[in-house]
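Student: I have a new structure to read. Can you take me through a sheet and a helix?

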Amino acid sequence: MEAYFDNSATTAPCCEAVKAVSDAMTNCWGNPSSLHRSGNAAKELLDSSRESIAKCLSVSPEEIFFTSGGTESNNLAVMGAAYQMRRMGRRIVSTAVEHSSIDETLDKLAEEGFEVIKLKVDNYGRINERELYSAVNSNTILITMMLVNNEVGTIMPVQAAKRAAMAARSPALIHCDAVQAFGKMPVKPVSLGVDLMTVSSHKIHGPKGVGALYIRKGVKIKPRTFGGEQEKKIRPGTEAMPAIAGFAAAARALPDPQRELEHIRMLRDYMVEKLTELDEIVINSPPDGLPYVTNISVLGIKSEPMLNFLSERGICVSSGSACSKGKKSHVLMQMGLDRRRLDSPLRISFSRYTTIQEVDALIQGIAEGKKVIRAVK
Amino acid sequence: MKEVILIKNGELALKGLNRRTFEDMLVKNMRRRLESAGKFNFTIAQSTIVAEPVDEFADFDEAVSRIEKVFGIAGFSRAAAVEKDMETILRSAEEYLAPQLLGIRTFKVEAKRSDKKFPLTSPEICRETGGYLLRKFPHLTVDVHNPDLVVTVEVRDNYAYIHGTQIKGAGGMPTGSAGRAAILISGGIDSPVAAYMMAKRGLELIAIHFASPPYTSERAEQKVHSLLKQVSKYSGRITLYVVPFTETQESIKDNCPEDIFTVVMRRMMMRVSQIIAQREHAGALITGESVGQVASQTMPAIACTDAVCEMPVFRPLIGMDKDEVVAISRKIDTFDISILPYEDCCTVFTPKHPKTKPTIDYVEKCEEALEVERLVNEAVDGTRFIHINAY
């Protein structure tokens, strides 16, 4: 049985997205900047795509900027905001468990003289809101925080960022990396109080190579690329129309996230119950995390053999973030897990296509793997 | 004007009466290596081999990059083959060498005249060519001691050849001239380098890899394919034997003390490898070991490993530092593949505190708990093979 549990890495494209990509390449391949019929048709497709993404986030289309994906959006938001605001202060507040596209960008800014504070997390990957309040001062120009952690599913208190900035009388822009949350829970930049938000296409069953950055109306950031009028000069370059059309189609095909969550939560609870019946399995994800992502450790069995064993049976799970394969998870290390848990994590991530039969196959696979694979001390 | 490759063989000139055999072997290797880059003709004359494309479909640049990696070649040149007429030689030199001459300041001309019927003597050819090039490229000056470029004109039986400074060849001896040996390859940095070094001494390679699914993944085996593919650019085609090793490793883990795990494992690998090597007519094993690098590579540990070997075990890296090995692996472009982070057979069940000074008595006693013969035979029987060739 084929069972795919690595939806935090990437998702299977939905048929709506596949069709939209193909249609855009076959019938609507013009350059949206061209002033003839072919260009006009492409421009229309671009506009309607932008509207679709905007609608999902309950924002206006002018606030959506297409990029090449989550990593570029995160880089653009953090660097663009830091450079824009550099005269107003030099502190940037973030967390110790961000995705590497944030984390490494922050390290780069720290080298350039920005004062970067990465808030520590507890053993469920949660930050302490009080620490957030005391880290943000009037000198703070940017707060960036993920909405859902990509490895353990912890939901971060993003709405507290704006409040902390207001309390400290800081001009800080608020950025939220919502890549793992978008499409899986209600995500509204306005109610979260964020100025910038990253979303990605291939995590919501769209094509790879496209994402978007929400930039609240009135907020200015510096571009990272130069050479054209596209995306209001924030992200010039001919628009990747097929990918953008596919992204929009995938966004339109998203079911109501609140209702979908019920189903996923039921699946997750069922899986956790079955898993805890097996010995030597600990759940690293918080019980109140986003139920799409469950991180477990199979104590004594390293991730790689278990992953290979399951893969042999057509079951795909991962040992952590796909963007840092082979290394020990920095998120789990930050959570202060002991060595046995750090050696043996498995990340199981669901999508709306996940079935209970697949979950059963996974549990059976892990149980068999535990019997067959020799444990290490 | 036609472009050819002039190949100078190195050590082969020293081989006396066997020289012809070595040269034939070298030509055979080159012919095989260039097969998929187009049709080439090879002719041997006065210790120079000329590789000449037969038609315009040959990929000449690709051929040159392949020749660069063939063992048994001291140096080679890309040359223009032209009619033996001084006027033609001059004009061809100007046209053919222009890209190189425009990037330098000083040059000198050397001439070799093996066709003594050619009206000009070597010094005359030098003078004429030098003067002509100076007129055509006014930025150049002649420097006979330390020139940026040596322009060579060789007047031979059929053509005159014009070329710039000779390119260094891969050196060593023609692959196969020293027989065949089996490299034990895990996927780390060392074994591809060891394979390269022994191939350089004329050994034809087969490779043996131990796979332990699910502890090792398909990616780990793919990595070995990529490494060998890279090595095969130098050594020619390699047949890889993949040995199923899970049961052996689990059995050692279940039955032997932890501190001796690696030494017993290596002895098992040697036993299996030896059988495969004998079956495939290989006369030696090759490993990437270096004294003291890890616990299983101390002198006592190597002695324990060697105790089960009846054929010679070549360890070309034995006295090298890691950075020296890394330098070679970078040179042959295996380093970036080697550092991919997949678990391999050597890192599965690595003991926390391995014995660094095992004795043969102790190891043999530990092995009593193993069904050595059955495990070895089953591993050999389950072995599958694939051919790996970069071209």
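Tutor: We will look at a sheet, then at a helix. Keep in mind that this is a predicted model.

Student: In what order do the strands of the open sheet in chain B lie?

Tutor: Read across the sheet, not along the chain. The order is β14-β13-β10-β11-β12-β15 in chain B, six strands with mixed pairing.

Student: Which strands of chain B stand at the edges?

Tutor: Look for a strand with a single partner. In chain B these are β14 (313-314) and β15 (384-388), so one side of each has no neighbour in the sheet.

Student: In which sense do β13 and β14 of chain B pair?

Tutor: Parallel, over two bridges; β13(B) covers residues 284-286. One residue to find is B:I286, whose bridge partner in β14(B) is B:F314.

Student: Which strands does helix α6 of chain B lie across?

Tutor: Helix α6(B), residues 218-235, lies across β11 (203-211), β12 (238-244) and β15 of chain B. Its angle to β12(B) is about 155 degrees.

Student: Now helix α4 of chain B. What span should its 15 residues have?

Tutor: Count 1.5 Å a residue. For residues 122-136 that gives 21 Å, and the end C-alpha atoms are 21 Å apart, so the two agree.

Student: Which residues of α4(B) are buried?

Tutor: First the general idea. An α-helix has 3.6 residues a turn, so residues three or four places apart point the same way. In α4(B), B:I125, B:C126, B:T129 and B:L133 are buried. They fall within an arc of 100 degrees seen down the axis, so they line one face. B:P123 and B:R135, on the other side of α4(B), are exposed.

Student: What covers the buried residues of α4(B)?

Tutor: The cover includes α3 (86-101), β5 (106-113) and β7 (149-155) of chain B.

How values were computed:
Residues are numbered from 1 along each chain as its sequence is written. Chains are lettered from A and ligands numbered from 1 in the order in which they are written. This is a predicted model: local features need pLDDT of at least 70, side-chain atom pairs count only at pLDDT 80 or more; totals for chains, interfaces and linings use all residues. Two strands pair if DSSP finds at least two bridges between them. Helices (H or I, at least four residues) and strands (E, at least two) are DSSP runs, numbered from the N terminus. Two residues are in contact if their C-beta atoms, placed from the backbone, lie within 7 Å. Axes are lines fitted to C-alpha atoms, for helices over the stretch in contact, and angles run from 0 to 180 degrees between N-to-C directions. The expected span of a helix is 1.5 Å times one less than its number of residues. A residue is buried if 20 or more other C-beta atoms lie within 10 Å of its own, exposed if 12 or fewer, and partly exposed in between; C-beta atoms are placed from the backbone. The arc is that of the directions from the helix axis to the C-beta atoms.
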